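Please examine the sequence and the model below, with attention to the ligand and its surroundings. The explanation begins there and then turns to charged side chains.

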Amino acid sequence: MPKYTVTPWKVEGEVDYNKLIKDFGTEAIDDKLLQRLKKHTKDLHYMLRRKIFFSHRDMNFILDEHEKGNKFYLYTGRGPSGNTHLGHLVPWIFTKWLQDRFDAELWFQMTDDEKFIFNPKLELEETNKLAYENALDVIALGFKKGRTKIFADTDYAKTLYREAIKVAKKLNVSTTKAVFGLTDSDSVGKHFFTSVQSVPAFLPSALAGKNIPCLIPLAIDQDAHFRVTRDIIGKLGYYKPGILHCVFLPALTGPKGKMSASIAESAVYTTDAPEVVAKKIRKYAFSGGGDTIAEHRKKGGNPEIDVSYQWLRFFEEDDKKLEKIYRDYKSGRLLTGELKEILIEKLSRFLKAHQANREKARKVLDKYIIKD
Ligand code: TYM
């Protein structure tokens, strides 16, 4: 039995990403694929260089079509159950780069319905409100106006429902039990939900009356939905979406599992004030350092498990700076406390700009939102 769990609703334990590739039946993003991508993008995003995006489905098909002039659109999303945390930003930062490099349209789904159905403590009014709060984080990252459509499921229901029932008609409960581990005691809402998450993977094609390739960047926890989607919409005559999977930004409290909104001290939120971020990191960031300064200087630290270093891999774009931090920490020259201050400085700058952009986004929110 694996020592970890990866499902859309739970990530626990020390995830073996190479094993996940085998278990989920995806493909590793290898150098050949990176070189092929680079022909189109000119450079490689640091998340590709660092194998933060490490796995894919059908990326070669997406590029085949692109090279034939059949351009893809991007699709990703968020389940609005609370404030956005730094982990959510990881696939979105990368999606923004893809939008820029390929001038691709982005469809962004806010599953207020999902979070209402799955979370016994949340009312629909709250998840719906959170959808629009979370949308500010998406816009703050700089997605293009006019090329980005954001929708909350319950406010775009007329369009989505017509297509969701076509998926639902082909989705058996035996599948939702096998893929998601749902049981007879789970609500019909849970069994139905993946039909809704499937829709944006073919909606632009359905609306245009022709097949348009779809590319979905996400963290690998969401893959299960799209295993179902790919199977069913293939039968409906649509292209199967391509997928790019990333690893998880770890929780602040330890390198295992993922940052999760349900454990407050494990996460840094985009709305956290700089003092709060600094305090959280100083107090909770899991250390890969020695027990004493003397021991650390002698034996060095372990950047592979040190959360401050791991977070810098996701947010420090400069390879040279990151390599130096790695070397200094491993050799013992850099102490855990000093490493934490580097992270605090980096995140404070990032969040200051993000929070300013987030406020500006309020004024243009309606330019991004679609409803029916
Ligand atoms: P949600 O809200 O759980 O997560 C939103 C996106 O963030 C990714 N993610 C992470 N990435 C890196 N490190 C982490 N610690 C971390 N935690 C979460 C998720 O994989 C996801 O990409 N049902 C979905 C919403 C959704 C969606 C989609 C997601 C609707 N359509 C299409 C991706 C693609 C959800 O609840 O995501």
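The following paragraphs describe the ligand site and then the salt bridges.

This is a predicted model. Its ligand sits in the largest pocket. A shell of 25 residues surrounds the ligand, and R78, G79, E114, Q197 and D221 come nearest. By class, this shell consists of ten nonpolar, ten polar and five charged residues.

The shell can also be read in terms of secondary structure. At least two of its residues come from each of the strands β5 (73-78) and β8 (214-219) and from each of the helices α5 (86-102) and α6 (112-118). The largest contribution is that of β5, which supplies four residues.

Individual polar contacts give a more detailed view of the site. Y75 places a polar side-chain atom 2.8 Å from a nitrogen atom of the ligand. The backbone takes part as well: a polar backbone atom of G87 is 3.1 Å from a ligand nitrogen atom, and a backbone N or O atom of L249 lies 2.8 Å from a nitrogen atom of the ligand. The ligand taken alone exposes 680 Å², of which the protein buries 98%.

The second topic is the pairing of charged side chains. Side chains of opposite charge can pair when their charged atoms come close. The structure holds 29 salt bridges. One of them joins the side chains of K19 and D23, with an N to O distance of 3.1 Å. Both K19 and D23 belong to helix α1 (residues 17-24), where four residues, about one turn of the helix, separate their positions.

How values were computed. Residues are numbered from 1 along each chain as its sequence is written. This is a predicted model: local features need pLDDT of at least 70, side-chain atom pairs count only at pLDDT 80 or more; totals for chains, interfaces and linings use all residues. Side-chain values use heavy atoms; hydrogens and water are left out. A residue is near a molecule or strand if one of its heavy atoms lies within 4 Å of it. A polar contact is a pair of N or O atoms within 3.5 Å; within protein, one must be able to donate a hydrogen and the other to accept it, and residues adjacent in sequence count only if both atoms are side-chain atoms. Accessible areas come from the Shrake-Rupley method with a 1.4 Å probe; for residues, only the protein chains shown count as cover. On a 1 Å grid over the protein atoms alone, a cavity is a set of points where a 1.4 Å probe fits but cannot get out, and a pocket is an open set with protein on both sides within 12 Å along at least five of seven lines; lining residues have an atom within 4 Å of a point. A molecule sits in a cavity or pocket if more than half of its atoms lie within 2 Å of its grid points. Ala, Val, Leu, Ile, Met, Phe, Trp, Tyr, Cys and Pro count as nonpolar, Asp, Glu, Lys and Arg as charged, and the others, Gly among them, as polar. A salt bridge is a side-chain nitrogen of Lys or Arg within 4 Å of a carboxyl oxygen of Asp or Glu.
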